[in-house]
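Got the viewer open and a cartoon representation loaded? Let's walk through this one stop by stop.

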Amino acid sequence: MRQGILLYGPPAAGKDTITAALTELDARYVPFTRLKIGNGKTDGYRMGTPEQLAELEACGDVIYRNDRYGNIYVVDRPGLDQAMEGDRTTVVHLGQMAGMEQVTALFPAHWVRVLLWCSKGTTAQRSPQRGDADTAARLAAWDATQADLAAHPRAQWELRVDTDATAPRQAAQRINDIVRTTSPRS
């Protein structure tokens, strides 16, 4: 069975940093590169067009779509299929519970769900440090993520990590331990 990790959390909670630590720990971990339609930051995205999005939607290959920061971000079936080829474990970043629900419901895999959290003050500090030009929008997204999480009190997590208190390598090791002990590959 295919295997993946869903990292959920507010902006600047450490999704990129912990994913990098996971890939250093084991080459089988690969970041999922979401399709982005819009402008701004291109690093870490597969840039797409409205026409590509329309084609994916027409084929039923959009697993989850969210509109934020004036852009469209897509988790697509062909992208996930490619990311999970071979013995790879893909790491998907999400900031909405609807995305967590859609991915687990519409893409069969053994998913390990991890909640990454940091304080709003930490997001305010980390956002400009990582080059965000729209920290105010990131803080609004932090509020939205907190409200989203509160609206889903029964959400199931294999692991919760406070990134204010946990180093990225330590978090990656804890995630790896869960993935490898619950792995259908043994």
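**Stop one: a helix over a sheet**

Select α1 first: this helix lies across β1, β2, β7 and β8, running at about 175° to β7. Some vocabulary: helices (H or I, at least four residues) and strands (E, at least two) are DSSP runs, numbered from the N terminus. Contact means heavy atoms within 4.5 Å, and axes are lines fitted to C-alpha atoms, for helices over the stretch in contact, with angles from 0 to 180 degrees between N-to-C directions.

Before going further, note that this is a predicted model, where local features need pLDDT of at least 70 and side-chain atom pairs count only at pLDDT 80 or more, while totals for chains, interfaces and linings use all residues. Residues are numbered from 1 along each chain as its sequence is written, and side-chain values use heavy atoms, with hydrogens and water left out.

Now zoom out to the whole chain. It has seven helices and nine strands, and its C-alpha trace spans about 40 × 40 × 30 Å along the principal axes.

**Stop two: the five-stranded sheet**

Colour β2-β7-β1-β8-β9 in that order: together they make an open sheet with parallel pairing. (Two strands pair if DSSP finds at least two bridges between them.) β2 (29–31) and β9 are the edge strands, each with a single partner, so one side of each has no neighbour in the sheet. From one strand to the next, the twist averages 25°.

Select β1 (residues 3–8) and β8 (residues 110–117) next; these parallel strands are joined by six bridges. Which residue stands opposite Gly4 in β8? Label Trp111 and you have it.

Moving on from β8, four bridges join it to β9 (residues 159–162), again running parallel. Show Val114 with its bridge partner in β9, Leu159, then Leu116, which stands opposite Val161.

Bring in α6 as well: this helix lies across β1 and β8, at about 125° to β8.

**Stop three: the four-stranded sheet**

Switch to β4-β3-β6-β5, an open sheet of four strands in that order with mixed pairing. Here β4 (46–47) and β5 (62–68) are at the edges with a single partner strand each, so one side of each is left without a neighbour in the sheet. Pick out β3 (residues 35–37) and β6 (residues 71–76), which pair in the antiparallel sense over three bridges. Leu35 has Val74 in β6 as its bridge partner.

Add α2 (residues 50–59), which lies across β3, β4, β5 and β6 and runs at about 140° to β5.

**Stop four: the largest pocket**

Turn on a surface and look for the largest pocket, about 1000 Å³ in volume. On a 1 Å grid over the protein atoms alone, a pocket is an open set of points where a 1.4 Å probe fits, with protein on both sides within 12 Å along at least five of seven lines; lining residues have an atom within 4 Å of a point. The volume is the space filled by probe spheres set on the points, which are joined across faces, edges and corners.

Show Asp16, Lys41, Tyr45, Arg130 and Arg138 as sticks: of the 44 lining residues, these are the closest to the pocket's centre. Which element gives the most to the lining? α1 does, with seven residues.
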